[in-house]
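Student: Please take a close look at one helix packing between chains, then set it in its surroundings. Keep it brisk, and state every cut-off once.

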Amino acid sequence: MRWLPAFLTASLAFAGGSLAAKKTSEERFNSFHAKSIASSSAAPIKLSDPSYRELTSQPRDYTAAVVLTAMDSRFNCQLCREFQPEWDLLARSWVKGDKAGESRVLFGTLDFADGREIFMSLGLQTAPVLLLFPPTVGPHAVANPEPLRYDFSNGPQIAEVVHTWIARHLPDRPHPPLTASYVAWPYILPIIQSRNIWAALTLISILLFTSGHMYNHIRKVPYVASDGKGGISYFASGFQSQYGLETQIVAALYGLLSLAGISLAIKVPRIRDAKTQGVAVLAWGGIFYFTYAFLLSVFRGKNPGYPFRLPPFV
Amino acid sequence: MKTSAVFSALLSLLSLASAASSDKGSSKSTLPSTFKPPQVFKNANLVHVISVEKNYVKENINVVVENIDKKAQDEYYLPFTADQISRLGGVEVKDRKDTIAGPFVAENVEFDPESDTQYLRIRLPKPLAPGAQQTLGISYYILKAYSPLPAAIKQEEQQFLTYTFSAYVPSVYTTSKQKTEVKFPSGNIPDYTKIPGSGDIKEFPQKQGSKLTYGPFDEKPAGAYEPIRVRFEFNRPVTHVARLERDIEVSHWGGNVAFEERYTLYHRGANLSSLFNRVKWQQSQYYQQGATHALKELKFPLRVGSVDPYYTDVIGNVSTSRFRSNKREASLEIKPRYPVFGGWKYPFTIGWNSDAKNFLRKTASGGFVLNVPFLEGPKQNEGVEYEQVEVRVILPEGAENVKYVTSIPTQSISSADVEIHKTFLDTIGRTALVIKARNLVDDFRDRELVVSYDYPLSASLRKPFIVFSSTIAFFVAVWLVGNIELKFASAPVSKK
Amino acid sequence: MSAETLQVLADVGKGKSTRGVLRVIILALIAGASIASRLFSVILDPWFNFRATKYLVANGFYNFWDWFDDRTWHPLGRVTGGTLYPGLMVTSGAIWHALRALTIPVDIRNVCVLLAPAFSGLTAIAAYLLTNEMTTYNSAGLLAALFMGIAPGYISRSVAGSYDNEAIAIFLLVFTFYLWIKALKQGSMLWGALCALFYGYMVASWGGYAFITCLLPLHAFVLILMGRYSTRLYVSYTTWYALGTLASMQIPFVGFLPVKTSEHMPALGIFGFLQLLAFLDYVRSAIPSRQFQTFLWLFAGGIFVLSLAALVIATSAGVIAPWSGRFYSLWDTGYAKIHIPIIASVSEHQPTAWPAFFFDLNLLIFVFPVGVYLCFQELADEHVFIIVYAVFGSYFAGVMVRLMLTLTPVVCVAGAIAISTILNNYLVAKTPTEEDQQAAEAAEKKGTKSGLKSATKPVVGIYSLWSKSLMVASMAVYLLIFVMHCTWVTSNAYSSPSVVLASRMPDGSQHIIDDYREAYQWLRQNTKEDAKIMSWWDYGYQIGGMADRPTLVDNNTWNNTHIATVGKAMSSREEVSYPIMRQHEVDYVLVVFGGLLGYSGDDINKFLWMVRIAEGIWPDEVSERAFFTPRGEYRVDGEATETMKNSLMYKMSYYNFNNLTLEEAFTSENWIIRIYKVKDLDNVGRDHISAAAFEKGLKKKKATKKRGPRVLRVD
């Protein structure tokens, strides 16, 4: 039973919390944080009246984000039900991405069924409500200890938007990104979810296919051929034939051109230093030009009637 | 201006001609089946010239007729077989002594369609007084006249044709003196019928180069017949156009006259005895300088100023054509897709445009006159014959009061109607004059067709008005549709 | 270059409406240019579609639906109405009727000739719309429209007169994708229904609709895997699938395939999977229990695995038809050559060598990955679509030359995104200031959520004017080269329809070799109306259309055995071929011979395929091996094998063939088409071979060879 210890800890903590209200801010954070990282589905912490009070009590050196919601079907709160999974996702991703608690954020959910008094005391008529309690002491302390209230007036909110909102109010702190999956694969997940890896895979396969790899595969073409004079002929003559090495050269040329294109489109405008940027433009632009010119000359070798060329490959 | 003079002269004829054309159908008097032409004439002297130089037969009968009746007579009959009369066309009769008088009216007599003998009736403009003489020049053409002998030859062999006719002119009257001359394309006439001579000539015919002469003969009774068959070399295509549809479309707004001609062409010469062989064909083209009985090329001398010619067939554009155009000529030379041999068929279409200025005039009274050639087929050395010709003059939408006159022999014109033709952007359809003719030959290439019509201003404004209003309607519709689309796009569908 | 002008114009017209008008005008110009660039030649091909359209126009829709064509596949005939994609014919028929109603009675032939260029204009507009869904740069859409309009990869199938299904299908493909993206973005049933409508139209038009049928579920599946399931996805997908499948089943040729064959199963599977997800989603929101959710996800996965297993079982049990051969050969690339040589024999089913890619797309082929990479930057649902489409499109295009056509749209879209991003970066007058720099520095410290490594830093801008002008100028040069390349390719390679061969004379003038039409016209005019023509199937549609004569086999390769019969007749000795030809009442045999001109597309070059296809049916009688010399060479000269020399095809091509059963009837000007007449039986009913043998005093020893009923004709 994975959940049993967590459950025990939680209940113990609740018991402890209610008894020892005089715990320091540091202690409170540690206990709640321990609870939320205890299991993959422990965050956000399910709060009740006393634990809510404990969590939000001042002084605090951490941020607390609490959703006050009404999940009971009696209230027929459509918005609550739609937001809950988003909130869970946000809290879990955050906690998972910040196991050490460096961001010093705690996530909690208070259902109306568990915290009727709190709802009364806050005078809440609608749900859900997202409250963000800023720290009052410590390095991130803000002047106004009052919680920030998130606006649900635009209908249901997705996790990304709320994440941005929270992140905006927590400057200078790490913001663990949203992770989509609910299953914890701590090692595979970053790889599977890495855009860089997927982008690389996609581009490599596109380059393979567009440089005639499938033709090699189906026709079983030779890798290189002799040119009849003892040398190696890299490029097959004729428009409808090719060698294995030839396609690799072409794929490399395409790859170089694409890389230059990507650099010019994405990287260069992001270089802050003017001089470095100038050098980069010149370098990538030059690479693009010469590779393209070379490619044209290679193509002219395949198709002698082709009229276009770029210097210096004439 | 010479042309304008011709125009006015023709114009004056117009009213007369249209009247003639309207009652022409009824003038074909149906005679009783027992009809025999009355023996009221005698052919005092007759020369019959048969020309087989081209791929149709042209016959000329120059005859001095004498009225032997007691009353003045104006109907002269010429007999033909039923088969001949169906292939007979282009009959023109003139007074040899009085060339200004214009052609006489000649027409087929309808009486017993079953009878083997049919008549052509010539009306003399003035009844001939008893005992008086008149010199008639009768010319006509016979199509599909030849049969090749041998009927099937090899690709590289020479083609020979035969033609059968009578040594004595077929006549319903007694002929006192006559002579028949036959003209051939070359002197190579391997076979011809020989008959005993008369007078100091022992045997007919007499051969002079490419000409055979039978006669002179002394008096022969009506209906005398002596079959003669000649077989002669004709190493050229026997081009036969079974049907020609010629459209002439007049556009006032475009200032353009568009011509389109659709030919159904056959070669009526000797068939190939073995199937076509490309090697032999290419050899013969090389060694014999192209002398062949296959049809290789057609030349169309068009009117100067013709532009944008096209040459297609049912499959699409044919790339083997040449068009030369300059100030003096506009010549379209086309090649069939394949050499056309005897028995083969090649239908095709050509067309071209021309500036309306070249053909269209406005008259003082506000009407329009269109003067176009009736026929503009190919001009070939060996000649071209047309079995059926349908000329369709498509006038602008709303044209009315259409009249025409043509110098094509009336005997060849079988019908002329005004119809409605619907095409681009028409609401009521265009007025179209459809003239059907039969048994014509390329000798009539230069004959004119003059059409006069009225084209009121309201009719000419109809089209721009309709185009304009429908364009406006289209834009309104687009605007409406655009508005609807705007509504689609602006409705946010994100309510969950 | 156009992109520059676009930008300049966009800067000039600052007002919203001015820009809108400018955009419409530019778009109209692009559409016009794409139509104009396709008018180099006007020869209708393939003729079958034209013939079918004429039939439709002449006999009405319902007769067309029931059309039984007895002039093809003699003596079998073909249920044409039920075995074709009617979209193309119905489209041109509808246009024809509409024009007539507008009092513009154009010839149906002209409608057919100009249909492809007209639709290419629409494709350009559809590409504009699709690209606009991907990016906020307006110039990207216009560039995509321009690329789509002139990319040779698309022009190749849409020049004037190219009257094939692809003529309208590519527009439908791009537009269906656009509607799909629109539906997905908005979660709209309206757009989903429109998408289904155009999908139905696509199904009615082209067999390549399977590409959509597979790509949309794949996109949905990838989105689900990425945890992007949403009600938007649910609504759009289910609307599209339900309505689209119903629409596609209305086409007789498709019928119940969408629920019976494997290539349609992914769509069905994702449909079911989405239902499950929706259900789970509902449960999850109703019962917010964490443990239960975990259980439910396991449950969902279990169901998915189970249904997959059920699918496999149903397929192996034969309830669901396995992958059709044509489709399967895309995956198992060696399959077609062994099992379905007819498919493998078509030149456009060959794999694509790299020059073909460069030839058809030039610059775009390497700008394309840049655009795909840019899609990873934002990675919204629609960008996932482009990525999925890009990978699969390039795979298919690599396997089959013909599928270059389905790749071209995504290349144009991605290429336009890339180039417009570059131009948008370098074609701005503004130079970054100190503040921008500092803001960027500050932003960098905060970090952004973009997952791409190269895009983690914030955009600053380009500082120096010279680097801007250098880049813009070089881009302009590249785009100029692209335009010139497209013009060159179009005018040189794609504007000579297969039926006309154009060559250049030494003096530079164009010489047209029109042998095909010469021979077809001869057949049409100078043979009997019902003379049966035997030829290889490549020429079936042309003979049926241009020569208007019944054929044994044609380009609709529905009956492999019949084609193999023709292959056998062509590749066997005369003694074997003659009875086959008599049985099928063949009057003429048509072969294509390129020997005189050095024309490589002739029958001798296709001959091995005839042998292979015949061997597939009669392995005992025809053997491919026998056509190769002992050294394993395929020779057609003096060293050809005996089997080769004795084959009917070889004799008809090379010999001055004046022998016993066939006689030369017509040879075209450049010898490309040779037509032979099949001799009749002689007076006593003997065929010529036995007659000749009898005269030589030989015994009739081949009596055993002639099995099967012989159709004797009494003339």
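Tutor: The crossing of α8(A) and α19(C) is right-handed. By convention, a crossing is left-handed if the near helix is turned anticlockwise from the far one by less than a right angle, and right-handed if clockwise. This is a predicted model, in which local features need pLDDT of at least 70 and side-chain atom pairs count only at pLDDT 80 or more, while totals for chains, interfaces and linings use all residues. Residues are numbered from 1 along each chain as its sequence is written, with chains lettered from A and ligands numbered from 1 in the order in which they are written.

Now the geometry. Helix α8 of chain A covers residues 195-210, and helix α19 of chain C covers residues 364-378. Helices (H or I, at least four residues) and strands (E, at least two) are DSSP runs, numbered from the N terminus. The two helices pack at about 160 degrees, and their axes lie 10 Å apart. Axes are lines fitted to C-alpha atoms, for helices over the stretch in contact; angles run from 0 to 180 degrees between N-to-C directions. α8(A) and α19(C) are therefore roughly antiparallel. The classes are: under 35 degrees roughly parallel, over 145 roughly antiparallel, 65 to 115 roughly perpendicular, the rest oblique.

Which residues of α8(A) and α19(C) make the contact? α8(A) brings Arg195(A), Ala199(A), Thr202(A), Leu203(A), Ile206(A), Leu207(A) and Thr210(A). α19(C) answers with Ile365(C), Pro369(C), Val372(C), Tyr373(C) and Phe376(C). Contact needs C-beta atoms, placed from the backbone, within 7 Å. By class, the contact residues are nine nonpolar, two polar and one charged. Ala, Val, Leu, Ile, Met, Phe, Trp, Tyr, Cys and Pro count as nonpolar, Asp, Glu, Lys and Arg as charged, and the others, Gly among them, as polar. An α-helix has 3.6 residues a turn, so residues three or four places apart point the same way.

Next, the whole interface. 58 residues of chain A are in contact with 63 residues of chain C. On the chain A side, α4 (78-97), α8, α9 (213-219), α10 (244-267) and α11 (274-302) each supply at least two residues. The largest share, eleven residues, comes from α10(A). That side has 29 nonpolar, 21 polar and eight charged residues.

A second pair of helices spans the two chains. α11(A) packs against α23(C), residues 465-492, at about 15 degrees, with axes 10 Å apart. That makes α11(A) roughly parallel to α23(C). Their crossing is left-handed. The contact is made by Gly278(A), Val281(A), Gly285(A) and Tyr289(A) on one side, and by Ser467(C), Leu470(C), Met471(C) and Ser474(C) on the other. These divide into four nonpolar, four polar and no charged.

Back along chain C, just before α19(C) in numbering, consider α18(C). All eight of the eight residues of α18(C), 354-361, are buried, so this helix is largely enclosed by the rest of the structure. Buried means 20 or more other C-beta atoms within 10 Å of a residue's own, exposed means 12 or fewer, and partly exposed lies in between; C-beta atoms are placed from the backbone. Among the buried residues are Trp354(C), Phe357(C) and Asp360(C). Asn362(C), just after α18(C), takes a positive phi of about 50 degrees.

Chain C also offers a pairing within itself. The axes of α8(C) (residues 166-186) and α9(C) (residues 189-205) come within 8 Å and cross at roughly 160 degrees. α8(C) and α9(C) are therefore roughly antiparallel. The crossing of α8(C) and α9(C) is left-handed.

Finally, the chains as wholes. Chain C has 31 helices and six strands, and 49% of its 715 residues are buried. Chain A has eleven helices and seven strands, with 37% of its 314 residues buried. Chain A also holds an open sheet of five strands, ordered β1-β3-β2-β4-β5, with mixed pairing. Strands pair if DSSP finds at least two bridges between them. The edge strands are β1 (45-47) and β5 (148-150) of chain A. The twist averages 25 degrees from one strand to the next.

Notes
Two residues are in contact if their C-beta atoms, placed from the backbone, lie within 7 Å.
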